[in-house]
Every structure is written in structure tokens, then in C-alpha cells.
Amino acid sequence: MQFLAERRVAALGSDSNNDTAPSPTEGVDFPVHVLGIHALGLHLLDYLQFEDLVPLCEQEDRWSFLCVVAPLRLPTATGSPVNPIAIL
């Protein structure tokens, strides 16, 4: 988390849960979620599906793109389903 904080990362996404299981932090089940959301204000994207994106990036020989994410506005919620869009 220090690595992300030092680089002022705004969003972190992966094709699985961003936390490892079992947690390496005693007494904290999801340390990335706890520190990322509460301490850093990080937007977490879990279980992203890259099956369609990877072949397209390979075909275009391009790995940089604009990622657009529009979460639902849910008062007092801590999460929302999203449909991230990669624009090459």
C-alpha cells in the first residue's frame, strides 16, 4: 500500500480480489480494502475480465488506453457494479 500511496494511484483493478487469502495481516481479513478505501480513498475494481481486451491489445500492439468507469450513485454505499470500458 505504501507503493501505491507514494505514486498517488487513484484506482487499482485486477482479475481477482485485490487482497490475498488468507490475509498476511493478523486480525485484518482484507487489508488492501481497509487501507485502500479508508486510508487512501482508492477506487478498487475486483474481478475484472480481460478476455476480450488482451487479444485486442496484442492485435493492435498497444497496451496503453483510456479506461472509463462510471459507478452508480448510491448514497452511503461502499460499492457499485460497473462496466469499465477501454478506449484504444
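Start by selecting Glu 51, which sits in the loop between β2 and α3. This is a predicted model, so treat the tour as a walk through a prediction. Is Glu 51 buried or exposed? Glu 51 is exposed, because its relative accessible area is 58% and anything over 50% counts as exposed. Now add Arg 73 to your selection and draw a line between the two C-alpha atoms: Glu 51 and Arg 73 are 22 residues apart in sequence and 28 Å apart in space.

Stay in the same neighbourhood and pick Tyr 47, which also belongs to the loop between β2 and α3. With a relative accessible area of 53%, Tyr 47 is exposed. Look at its backbone too: the phi of Tyr 47 is near 60°, a positive value in a residue other than glycine.

Next, colour the chain by pLDDT. The chain averages 90, and 100% of the residues score at least 70. Which element has the highest mean pLDDT? Among the elements of the chain, that is helix α3 (residues 53–60), with 95, while α2 has the lowest, with 89.

Follow the chain to Asp 61, in the loop between α3 and β3 (66–68). Asp 61 has a positive phi of about 50° although it is not a glycine. Asp 61 is exposed, with a relative accessible area of 64%.

Now go to the loop between β1 and α2, where you will find Pro 22. Zoom in on the peptide bond from Ala 21 to Pro 22: this bond is cis, with omega near 0°.

In the loop between β1 and α2, select Asn 18 as well. Why does Asn 18 count as buried? Its relative accessible area is 15%, and buried means under 20%. Show the side chains around Asn 18 and look for two polar contacts. One, of 3.3 Å, is with the side chain of Ser 14; another, of 2.6 Å, joins the side chains of Asn 18 and Asp 46. Leaving aside its neighbours within four places in sequence, Asn 18 is in contact with Leu 12, Gly 13, Val 32, Leu 44, Leu 45 and Asp 46.

Val 32 leads you into helix α2 (residues 31–39), where Pro 31, Val 32, His 33 and Gly 36 are buried. What covers these residues? The cover includes β1 (11–13) and β2 (43–45). Just beyond the helix, click on Gly 41, which follows α2 and has a positive phi, near 70°.

Time to switch on a surface and look for pockets. The largest pocket holds about 540 Å³ of space. Of the 20 residues that line this pocket, the closest to its centre are His 43, Leu 44, Pro 71, Thr 78 and Gly 79. Both α2 and β2 supply at least two residues of the lining, and β2 gives the largest share, three residues. Colour the lining of the largest pocket by class and you will find 13 nonpolar, six polar and one charged residues.

For the last stop, find the second largest pocket, with a volume of about 370 Å³. How many residues line the second largest pocket? There are 13, and Leu 48, Gln 49, Phe 50, Leu 53 and Pro 84 lie nearest its centre. By class, this lining has 10 nonpolar, one polar and two charged residues.

Technical notes:
Residues numbered from 1 in each chain as written. Predicted model: local features only at pLDDT ≥ 70, side-chain atom pairs only at ≥ 80, totals over all residues. Heavy atoms only, no water. Buried < 20%, exposed > 50% of the residue type's maximum accessible area, 1.4 Å probe, protein only. Helix = DSSP H or I, 4+ residues; strand = E, 2+ residues; numbered from the N terminus. Contact = heavy atoms within 4.5 Å. 1 Å grid on protein atoms, 1.4 Å probe; cavity = no way out; pocket = protein on both sides within 12 Å on 5 of 7 lines; lining within 4 Å. Points joined across faces, edges and corners; volume = space filled by probe spheres on them. Nonpolar A, V, L, I, M, F, W, Y, C, P; charged D, E, K, R; others polar. pLDDT = per-residue confidence, 0-100. Polar contact = N/O pair within 3.5 Å; in protein donor to acceptor, adjacent residues only side chain to side chain.
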